Amino acid sequence: GVYNMTSGSILLYGGSGWIGGKLVDILAQQRILCWKGEARIEDRQAVEGEILKWKPSFVINCAGKTGRPNVDWCETHRQETIRSNVTGALTLTDVCAQHGVHLTHFATGCIYQYDDNHPAHSGIGFKEDDVPNFKGSFYSRTKVMLEDLLQAYPSILILRLRMPISEHLEEPRNFITKITNYAKVVNVPNSVTVLPDLLPVAVDMITRGIVGTYNFTNPGTITHNEILDLYTKYVDDTFTYSNFTLEEQAKVLKAERSNNELDVSKLTRLYPAIPHIHKSIHAILIQMRHNLDASRTRPTDQYSD
């Protein structure tokens with residue numbers, strides 16, 4: 001279904017976060033009016049006040065707890081995780097529903113795990129309506145709880161991201177940055193979201209008023225080793241890494257990590273130009289190298305007036 005649009009303005013929660021900040025930049029580039037929500041999303045009165053004040057056509061939820069430095073945090077901060085990922089997201093959804101405002105949730109695809117029907121390397125991905133089968137982290141369990149509750153609200157857009165990648169090495173949430181800093185990495189194929197490819201698509205979907213659940217990654221899968229080998233080739237030829245098994249990884253983590261392939265045919269029917277991950281990763285790493293070179297050779301301030 002598609003919403004009726006009048007002013008086309010956007011109210012965005014989580015605008016000071018990593019992905020929210022990138023969306024704010026894209027919306028500014030596209031001259032789309034965007035307000036950053038100040039309310040905590042679990043504070044119903046405050047959220048309602050902002051929706052009545054700004055009268056947005058669209059609300060975007062990029063707020064939520066993924067944990068610092070990683071999802072292990074959620075294992076020991078369960079109430080805060082529920083408050084944000086379940087209570088807050090549901091409160092925002094309910095207020096938007098009551099006011100007839102289109103809402104988009106930036107959600108996660110880390111609710112699935114390879115299984116007998118979806119083996120690694122098989123090309124058989126999990127579809128949007130497959131029942132989540134990954135319960136290995138409290139973070140993921142809260143995301144499954146939320147998706148169950150959101151089934152009652154048909155007029156929302158849910159975009160499931162995984163292991164988001166950007167072209168900026170200095171961004172700590174960037175999946176490439178994360179895995180280059182790990183002592184050891186597992187070597188498993190995964191669906192990943194290349195933000196420069198997909199965030200402009202998200203803005204298009206939102207402003208068209210599209211609703212429903214979409215797996216929101218690039219087509220195909222890529223392994224940690226494939227990314228790091230290309231990182232070595234394009235960005236840092238002195239870089240080295242070593243692998244360990246999922247069993248060895250489990251010993252040093254509080255929570256399991258999801259590994260899966262998502263079927264993105266529903267998304268690519270609407271947006272066939274989204275590049276396959278193996279094509280995109282080259283472009284991202286080349287751009288990353290350019291960005292690093294540019295930051296190293298930037299002229300000093302002493303000449304500027």
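I take buried to mean under 20% relative accessible area. The model I am examining is predicted.

**Entry: the chain as a whole**

I first looked up the secondary structure and recorded 11 helices and 8 strands in the chain. I then compared the radius of gyration with the globule rule: the chain has 20 Å, close to the 19 Å that the rule gives for 305 residues, so I note the chain to be as compact as a globular protein of that length. Along the principal axes, the C-alpha atoms fill a box of roughly 60 × 55 × 40 Å.

I next turned to burial and found that 53% of the 305 residues count as buried. For the accessible surface of the chain I noted about 14700 Å², with 51% of that area belonging to carbon and sulfur atoms. Among contacts with a separation of 6 or more, I found that 80% join residues 24 or more positions apart.

I also looked up the charges. The chain has 31 positive and 34 negative charges, and I noted 3 Å between their mean positions.

**Entry: helix 7**

I checked the length of helix 7, residues 195-207. Its 13 residues should span 18 Å at 1.5 Å a residue, and the end C-alpha atoms are 18 Å apart, so the expected and modelled spans agree.

Which residues of helix 7 are buried? I listed Leu195, Leu198, Leu199, Val201, Ala202, Val203, Met205 and Ile206. I kept in mind that an α-helix has 3.6 residues a turn, so residues three or four places apart point the same way. After helix 7 comes Gly209, for which I recorded a positive phi, near 75°.

**Entry: helix 5**

I repeated the length check on helix 5, residues 138-150. For its 13 residues, 1.5 Å a residue gives an expected span of 18 Å, and I found the end C-alpha atoms 18 Å apart, which agrees.

As buried residues of helix 5 I listed Phe138, Tyr139, Ser140, Thr142, Lys143, Val144, Leu146, Glu147 and Leu150. Lys143 and Glu147 are thus among the buried residues of this helix.

Against which elements do the buried residues of helix 5 pack? I found two helices, helix 3 (72-76) and helix 4 (78-99), together with strand 4 (102-108), strand 5 (156-161) and strand 7 (212-215).

**Entry: Glu75**

I located Glu75 in helix 3. Its relative accessibility is 15%, which is why I count Glu75 as buried, the cut-off being under 20%. Finally, I looked up Glu75 and Arg208: they are 133 residues apart in sequence, and their C-alpha atoms are 37 Å apart in space.

Notes
Residues are numbered from 1 along each chain as its sequence is written. This is a predicted model: local features need pLDDT of at least 70, side-chain atom pairs count only at pLDDT 80 or more; totals for chains, interfaces and linings use all residues. Side-chain values use heavy atoms; hydrogens and water are left out. Helices (H or I, at least four residues) and strands (E, at least two) are DSSP runs, numbered from the N terminus. The radius of gyration is taken over C-alpha atoms; the globule rule is 2.2 Å times the number of residues to the power 0.38. Buried means under 20% relative accessible area, exposed over 50%, partly exposed in between (1.4 Å probe, protein chains only). Contact means heavy atoms within 4.5 Å. Accessible areas come from the Shrake-Rupley method with a 1.4 Å probe; for residues, only the protein chains shown count as cover. Lys and Arg count as positive and Asp and Glu as negative; His and the chain ends are not counted. The place of a charge is taken as NZ of Lys, CZ of Arg, CG of Asp or CD of Glu. The expected span of a helix is 1.5 Å times one less than its number of residues.
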